[in-house]
Amino acid sequence: MRIREAAAYLGVSDDTVRRWIDRGLLGARTDESGRKVVDGYEVAMVARVHASPPRLPPGLRSSARNRFVGLVTEIRSDAVMSQVELQCGPFRVVSLMSSESVRDLALEPGSVAVAVIKSTNVVIETEDQRGSA
């Protein structure tokens with residue numbers, strides 16, 4: 001993936017990604033067009049530590065408000081079901097889906113994906129303000 005894309009998924013500037021490459025935090029290579037590129041899986045690993053949530057990719061619209069754009073970090077599959085892990089900026093999102101869906105979506109570590117969460121059951125937690133009695 002190009003540096004501009006990696007920066008968008010990491011929630012940082014292109015210059016920050018270049019500095020991370022210079023410091024050895026992120027590996028890079030030159031593609032056949034002579035542009036510097038980075039591996040999507042490696043970007044996902046860096047995202048776990050250094051990123052803020054990125055915006056949705058251009059052209060995507062949905063009624064769902066709970067959307068997390070990220071990179072696939074791990075897939076565990078058997079014959080029927082798969083567990084797919086995404087790193088969405090600082091958030092880890094885990095989805096259970098059919099192994100057939102994983103194949104149809106061509107998911108693999110480093111793939112870009114959007115987790116869409118549409119639920120009527122959302123748990124909200126806050127600090128206890130009542131004090132002790």
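These legends accompany close-up views of a predicted model.

**View 1. Four strands form an open sheet with antiparallel pairing.** Reading across the sheet, the strand order is 5-4-3-6. Strand 5 (91-98) and strand 6 (112-117) take the edge positions, and each has a single partner strand, so one side of each is left without a neighbour in the sheet. On average, neighbouring strands here are turned by 45° against each other, direction ignored. As a reminder while you look around, strands of a sheet pair through backbone hydrogen bonds, either parallel or antiparallel.

**View 2. Here we zoom in on strand 4 and strand 5, an antiparallel pair.** Strand 4 covers residues 81-88, and eight bridges link this strand to strand 5. For a good place to start, find Gln87, whose bridge partner in strand 5 is Arg92.

**View 3. The largest nonpolar core contains 16 residues.** The members that touch the most others are Leu10, Val17, Ile21, Leu26, Val38 and Val43. At least two core residues come from each of helix 1 (3-10), helix 2 (14-22), helix 3 (40-50) and strand 3 (66-77). Helix 1 gives the largest share, with five residues.

**View 4. Val17 and its contacts take the centre of this close-up.** Setting aside neighbours within four places in sequence, you will find Val17 in contact with Ile3, Ala6, Ala7, Leu10, Val12 and Leu26.

**View 5. A second core of 10 residues is separate from the largest one.** Among its members are Val72, Val84, Leu86 and Val102. In soluble globular proteins, nonpolar side chains tend to be buried together.

Key:
Residues are numbered from 1 along each chain as its sequence is written. This is a predicted model: local features need pLDDT of at least 70, side-chain atom pairs count only at pLDDT 80 or more; totals for chains, interfaces and linings use all residues. Side-chain values use heavy atoms; hydrogens and water are left out. Two strands pair if DSSP finds at least two bridges between them. Axes are lines fitted to C-alpha atoms, for helices over the stretch in contact, and angles run from 0 to 180 degrees between N-to-C directions. A nonpolar core is a set of buried Ala, Val, Leu, Ile, Met, Phe, Trp, Tyr and Cys residues joined through side-chain atoms within 4.5 Å. Buried means under 20% relative accessible area, exposed over 50%, partly exposed in between (1.4 Å probe, protein chains only). Contact means heavy atoms within 4.5 Å.
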